[in-house]
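Me: I'm new to looking at protein structures. Could you take one part of this one and walk me through it slowly?

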Amino acid sequence: ENLRISAGMGQQHFWVGQFMDPFIKSMQAQSDLTFTPFYSGSLVTPGRELGALKSGIVSVAAPLLAPYHEGQFPLSDVTQLPTLNTNSVKETRALMALMASDQTLVDGKTFYQYELGDKGLRGWAVGATAAYSLSTTGKVLDDPDDLKGLPMRAGSTLHTILLQELGATPVTMTSADSYEALSRKTVEGTILSVADWPSYSFQELLKYTITGLSMGHWESYLAVTEKTWNGFTDDQRRTWNEVAKKTAMDNAAYIDQLEIQVRKDTAAKGATFVELADLPEPMRARLGEAASRTWVRWIEQMEKAGHPGRAAATQWARLIREQGGEIPDGAARYLKLD
Amino acid sequence: MSNTLIIWIVLAWFAVFLVLGQNVATVLFGAGMLGIVLMVGIDVLGGLLGPDTFYTASIYSLSIVPLYLLMAQMLLRGGVIKDLFQVGHRLSGYRRFPLGVATIVTGSLLGAVSGSGAASAASLASLASPELERLGYTRRFSLSLSAVAGSLSAIIPPSLIMIIYGSLTTVPIGHLFIGAIGPGVLCVLVYMICLRLFGEVRPGVEDGVSPDQPPAPDETRRSGSAFAFVLGLMVVVFGGSYGGIVTVAEAGALGAFAAIVGMLLMRRVGARDLFLALSESVKITATLMMLVLGAKIFARFLSFSQLPNELLSLMQPTLDSPRLVAAILLAVFFVGGMFLESAAVIVLLVPIILPLLQAAGIDLLWFGVSASMMIALGLLTPPVGLASFAAASAVNYPAAPVFRAASMFALAAGVVVTSLLIFYPALVTWLPARIQ
Amino acid sequence: MTFWRWIDRLEGGLASVGAGLCLFLIMMITVIGVFGRYVLGMDLIPGGYNMIERIAFPLLVFWAVPLGHRQGSFPRFDVLTERLPAALSRALTALVLIVEIAVFMILFWYLARFAWEATLSAREMQIGTRLWPVWPVMLMMPLAFGLMLLEMFRLLWKALRGGESGKTGLASGR
Ligand code: NA
Ligand code: NA
């Protein structure tokens, strides 16, 4: 049987060129499954993968962009919580552990059941993005006042919360739209991973970036419906599990390399990267507070909406630490981690 | 049913209902839905139609369209365009050739503020054509020239089809507008030469005759102020956007706002004109958006059918020479422009050929400008050159003779401008690469 | 008769007043945004971009489209039908309309279902930092397509009855 597999982005994006394509290639080499790929949202627009899987428009979403499904994968946003000293490989391992864990969050449900299983989905992690960082078109951010009212592009609810906590004005738009907005100062900065810059031609546009503090990482899933999965043979499933895992880790390693490369290339052309530790104390404190407040507000929002936000955040924080990443102090205290 | 058979059935549906006069948007919806149902079944319609319709109707970059239309509507209703033409007329000493040039220049100014080539052609046909005739050009040639001048709206920025192209390909719309300046100016020059060469004059009519009544002094002042106003507006709209101060959308909003305030202050329009301008702009926008919505559904069918991929493998041998691919594709756009509304050509063809462009490594900015050029030419030529038709029908004149001269202009511009575009792509890409 | 006059006024009002106001709002939100940015150095309408994209522009489109349809301004290729004998032309007009009605019925059904599900789940969207309901905007889709369907039935009735006004609504626009 031939499977329609689709990506919302083009082949130049690392989730397509470095995940979907290699995944298809390995699967076709190691199993008798065949795929017809669709790129750039030609069949499924980003954020509509769930509906497309359910109504049979496609059989495989690679990736299913959980953050674009407003409110439908609430707990999956944990990976977007701000962390310190994390990269794609650490983050991808942490998410794989979270998805494999049998620790229950609420009503006897694990993270996996809550997010995917209950929707009749089977999912695997793809490589996490590199750390999202705060970048501007040139405005230096070394005093909390610099951020006041500054219009900044936000890509998700968590970015919006974080920017609000920083005192900036969040403007929600896609990265593609933000190119013109940034070049005309409609927004003066964005939250995006440096490795993502080439996908949107931001290398010449973004001049000032704060590193070291991750404004979260974006994650997404390789996903099929339970029904599709049940149609596979045991052999096919075993191969699928192995290939998915290996491709994701290769993907993560590639993304970390890409991040370093883009940083080097743009620094050579005059872009500035400032480490969190090198910022003046008031600014550092403001960023730390905002990062912690983001955890608190997200958890409160989730709990208010009836989702086990606290349990998920606590489990996620532990997994991040196990991988060698850190949690902002205030958040760690709030979650009583120590 | 085999893939190939389904594709043929859908194409047949498309051709039959198009020729039978069903509106293009419905043809796109119908053919797209039929194809999807035949190819994957009716179940998937539920996941496609609702979300596609809503999310396509809420694309920010398309919201720019009504803003530019509103600006143009205000200027037309304020009589500014008419005054501009009169200024040119007077400056040229009421002579024949300069008046023809003034018509083309007015057309390109009109092109710069309005979206529709047909609408521009129609207004020029009633505005400029009688004057052209009075100075000796034949009626059919005067109408052809109006059509030619009106067709420039597809290529002289702001062009609505470029906004749509930009929203389909994510090429920044500002870059498209800037890139179109070079070819646009070139096109105007070619048309001036054509005017010199093909100008059809009634024998024995004297050149350079002033009108019986010289313009009143306050009329002169009035058209002078109109001239200054449009100049100021151009600075706001183009300067702001090209200078990197505002986005193309913001430039459109500022331009519309300035046009409203200016026309009201100059007492050229009243509240009723504003009301009519608003309602006309939204109606044209909605009509265009129906095409975009229908094309979205049709594009989904194309994706399922893998037609673009098959086209890609068919063209594989030619991919090594991007120029050849570009020439072939531009020819397709020209033919499309001969039969269809310009926006329909863009929304229909771009999803099919986008993979080809990417595979051949053709610059999408360059292609967008060149394709708009092809469509501008298609506005003039038979069988359905909408600009020629509009110019003819505005004064109840048969279309065939108008087509004849207009096609000569289109042919000349097609040969000269297209070959320059293909052999000197920098004509398009040089400027956008240099301006922020 | 009064029914059609009522529909006529509804469509006219939706387009000229409703959609016209949306366009005016899009313009003003943008102009105020630019003014705030360069003159006051602040964002005067937080989330203005999202309001235009998800509310004002789709409302503009769905409110204006029934009137555009009624006035026959949808582009079509009418060179052939205009040259045919009147009887044949009318028969073809009826055929084309019947197919068009079928296409729009399917569209209407799925759009209504989509909008209804959005309404039941009280679908929201992010505007600036708050969530606004988006389902009322989605409900305008079946309204627009429903009104266009009504007009098609009216045209079909005229074409089948064979009155000389059978083509007026279909006259080519631009
Ligand atoms: Na134009
Ligand atoms: Na044409």
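Reply: Here is a walk through chain A, followed by the nonpolar core.

Keep in mind that this is a predicted model. Start with the overall build of chain A: it contains 11 helices and 15 strands. Lay a box along its principal axes and the C-alpha atoms fill roughly 60 × 45 × 30 Å. Is that chain compact or not, and why? A compact globule of 338 residues would have a radius of gyration near 20 Å, and chain A has 20 Å, so the two agree.

Now look at how the chain is packed. Of the 338 residues in chain A, 60% are buried. Take the contacts between residues at least 6 apart in sequence: 74% of these join residues at least 24 apart. On the outside, chain A has about 12,700 Å² of accessible surface, and carbon and sulfur atoms account for 47% of that. As for charge, chain A carries 33 positive and 40 negative side chains, with the centres of the two sets 1 Å apart.

Next, the inside. In soluble globular proteins, nonpolar side chains tend to be buried together. Here the largest nonpolar core has 344 residues, and the ones with the most contacts inside it are Leu134(A), Trp240(A), Phe333(B) and Phe367(B). Helix H14 of chain B, residues 271-305, gives this core its largest share, 18 residues.

Zoom in on Phe367(B) to finish. Which residues does Phe367(B) touch, if you skip neighbours within four places in sequence? Its contacts are Tyr165(B), Ala326(B), Leu329(B), Leu330(B), Phe333(B), Ile353(B), Leu357(B) and Ile362(B). You've met Phe333(B) already: like Phe367(B), it is among the core residues with the most contacts.

How values were computed: Residues are numbered from 1 along each chain as its sequence is written. Chains are lettered from A and ligands numbered from 1 in the order in which they are written. This is a predicted model: local features need pLDDT of at least 70, side-chain atom pairs count only at pLDDT 80 or more; totals for chains, interfaces and linings use all residues. Side-chain values use heavy atoms; hydrogens and water are left out. Helices (H or I, at least four residues) and strands (E, at least two) are DSSP runs, numbered from the N terminus. The radius of gyration is taken over C-alpha atoms; the globule rule is 2.2 Å times the number of residues to the power 0.38. Buried means under 20% relative accessible area, exposed over 50%, partly exposed in between (1.4 Å probe, protein chains only). Contact means heavy atoms within 4.5 Å. Accessible areas come from the Shrake-Rupley method with a 1.4 Å probe; for residues, only the protein chains shown count as cover. Lys and Arg count as positive and Asp and Glu as negative; His and the chain ends are not counted. The place of a charge is taken as NZ of Lys, CZ of Arg, CG of Asp or CD of Glu. A nonpolar core is a set of buried Ala, Val, Leu, Ile, Met, Phe, Trp, Tyr and Cys residues joined through side-chain atoms within 4.5 Å.
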